[in-house]
Amino acid sequence: MEYLVLALVLLGVLVLGGVGLVVPRLRRRAELPPPPPPLPSVEAPVGIEPEAPTAEAVPLETPEPTAGRLVRLRARLSRSQNVFGKSLLGLLARDRLDDDAWDEVEESLISADVGVEATREIVERLRERTRVLGTRSPDELRGLLTDELVAALEPDLDRSLKTDGKPTVVLVVGVNGSGKTTTCGKIARVLVADGHTVLLGAADTFRAAAADQLATWAGRVGAEVVRGPEGADPASVAFDAVRRGVETGVDTVLVDTAGRLQNKVGLMDELGKVKRVVEKHGPVDETLLVLDATTGQNGLEQARVFTEVVDVTGVVLTKLDGTAKGGIVIAVQRKLGIPVKLVGLGEGPDDLAPFDPKQFVDALLGTDA
């Protein structure tokens with residue numbers, strides 16, 4: 001009986017304790033403010049869908065016509081006339097052209113990277129013509145110097161870019177720092193300005209920004225870019241670019257290759273591999289070597305090694321504005337028999353101009369166009 005009474009007492013205590021815990025919670029919940037009513041839904045007008053964010057399109061640009069670019073850009077080029085212009089013409093205009101004066105003319109031409117052999121031939125012809133003709137007036141001396149420099153630039157060489165393939169395949173090669181990828185984009189603008197369709201292959205897969213840089217240039221003229229993942233096989237990307245060019249029927253496929261150091265045999269061998277793989281689609285029509293004009297005679301060694309690997313068909317000289325080293329044009333052509341086809345005269349997108357020997361010399365000497 002005692003156990004029963006004890007159990008009833010314990011049960012009563014538990015019941016009272018539970019009520020004591022629940023009642024305060026209910027009281028606090030009742031004191032809380034009621035939740036705010038839901039906001040009314042706003043429906044879009046019938047027939048109008050919400051706008052989705054869209055990526056900003058790259059605005060298309062119309063490149064400047066290539067005809068006459070060298071003339072329009074002569075102001076930049078004429079900054080190098082301290083050697084080719086005022087200095088040489090000043091020496092030739094002396095009252096007495098003795099051996100010392102001719103030695104100074106020779107030194108000026110050599111310092112402009114014309115090359116020793118070419119300089120001697122130019123000076124010998126100038127000495128003979130001034131002696132025979134008795135030339136002394138500034139205009140006559142300017143005319144003689146112009147004739148000799150133009151002749152040294154071999155004006156009869158074919159400087160046109162091949163565009164008769166379907167597609168024409170152009171490899172763009174060069175060492176690091178020569179402005180190769182930028183020049184590749186500018187070449188695309190030259191071709192588009194002349195009415196050709198272009199596809200670019202980003203085969204420089206070792207420099208992270210190269211493909212993006214090339215895509216930016218292509219987007220400005222509405223050209224397609226074929227690219228691969230970073231570190232992909234350059235030959236594979238070049239092959240895919242040419243295949244895509246054949247499928248789409250573009251006029252020209254420009255393939256930007258990785259910058260190569262000419263003394264790295266393995267890298268040069270890989271560049272040869274790119275050419276061989278691309279040729280499975282057909283011949284490579286052009287191989288353009290991009291050279292920095294400020295490198296001077298070092299550019300000749302670069303050109304020589306690249307020629308042995310990929311058979312360079314033309315040279316693109318960059319950074320020619322404001323330099324006194326314009327004679328490198330003569331040296332490259334004389335040493336290698338490769339024509340300079342394009343020259344870069346500034347940082348603008350249309351500052352790449354087809355090379356014309358007469359206009360080039362006129363700009364260097366400050367001759368009126």
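**Exercise 1. The largest pocket**

Task: Find which helix gives the most to the lining of the largest pocket, and with how many residues.

Solution: Begin with the element itself, which is helix 9, spanning residues 180–193, and which gives three residues to this lining. Helices (H or I, at least four residues) and strands (E, at least two) are DSSP runs, numbered from the N terminus. The model is predicted, so local features need pLDDT of at least 70 and side-chain atom pairs count only at pLDDT 80 or more, while totals for chains, interfaces and linings use all residues. Residues are numbered from 1 along each chain as its sequence is written, and side-chain values use heavy atoms, with hydrogens and water left out.

Next, look at the whole lining: it has 14 residues, and those nearest the centre of the pocket are Lys-186, Thr-318, Lys-319, Gly-346 and Glu-347. A pocket is an open set of points on a 1 Å grid over the protein atoms alone, where a 1.4 Å probe fits, with protein on both sides within 12 Å along at least five of seven lines, and a lining residue has an atom within 4 Å of a point. Finally, the space in the largest pocket comes to about 200 Å³, where points are joined across faces, edges and corners and the volume is that filled by probe spheres set on them.

**Exercise 2. The second largest pocket**

Task: Name the elements that give two or more residues to the lining of the second largest pocket.

Solution: The volume of this second largest pocket is about 160 Å³. It is lined by 13 residues, and Ser-160, Leu-161, Val-190, Asp-194 and Pro-354 are the closest to its centre. The elements that the task asks for are helix 9 and strand 7, the latter running over 340–344.

**Exercise 3. The surroundings of strand 5**

Task: Decide whether the residues of strand 5 are buried or exposed, and then find its neighbours.

Solution: Strand 5 covers residues 286–292, and because seven of its seven residues are buried, this strand is largely enclosed by the rest of the structure. Here buried means under 20% relative accessible area, exposed over 50%, and partly exposed in between (1.4 Å probe, protein chains only). The next step is to separate the two faces: Glu-286, Leu-288, Val-290 and Asp-292 point one way, whereas Thr-287, Leu-289 and Leu-291 point the other way, and all of them are buried.

Two strands pair if DSSP finds at least two bridges between them. Strand 5 pairs in the parallel sense with strand 1 (residues 168–174) over five bridges, and within that pairing Val-170 has Glu-286 as its partner. With strand 6 (residues 314–318) the pairing is again parallel, over five bridges, and there Leu-289 has Val-315 as its partner.

**Exercise 4. The partners of strand 2**

Task: Find which residues stand opposite Leu-200 in strand 3 and in strand 4.

Solution: Strand 2 (residues 198–202) has five of five residues buried, so the rest of the structure largely encloses it. Leu-200 points one way together with Val-198 and Ala-202, while Leu-199 and Gly-201 point the other way. Strand 4 (residues 252–256) runs parallel to strand 2 and is joined to it by five bridges, with Leu-254 opposite Leu-200. Strand 3 (residues 224–227) also runs parallel to strand 2, joined by four bridges, and in this strand Val-225 stands opposite Leu-200.

**Exercise 5. Three salt bridges**

Task: For the salt bridges of Asp-99, Arg-131 and Arg-189, find the partner and describe where each pair lies.

Solution: A salt bridge is a side-chain nitrogen of Lys or Arg within 4 Å of a carboxyl oxygen of Asp or Glu, and by this rule the count is 25.

1. Asp-99 meets Arg-127 at 2.9 Å, N to O. Asp-99 lies in helix 6 (residues 99–111) and Arg-127 in helix 7 (residues 116–133), 28 residues apart, and Arg-127 is partly exposed at 34% relative accessibility.
2. Arg-131 pairs with Glu-128, their closest N and O atoms being 2.7 Å apart. Both lie in helix 7, three residues apart, which is about one turn of the helix; Arg-131 is exposed at 59%, whereas Glu-128 is partly exposed at 39%.
3. Arg-189 pairs with Asp-350, with 2.9 Å between the closest N and O atoms. Arg-189 belongs to helix 9 and Asp-350 to the loop between strand 7 and strand 8 (352–354), so the pair ties together parts that are 161 residues apart in sequence. Arg-189 is buried at 2%, and Asp-350 is buried at 8%.
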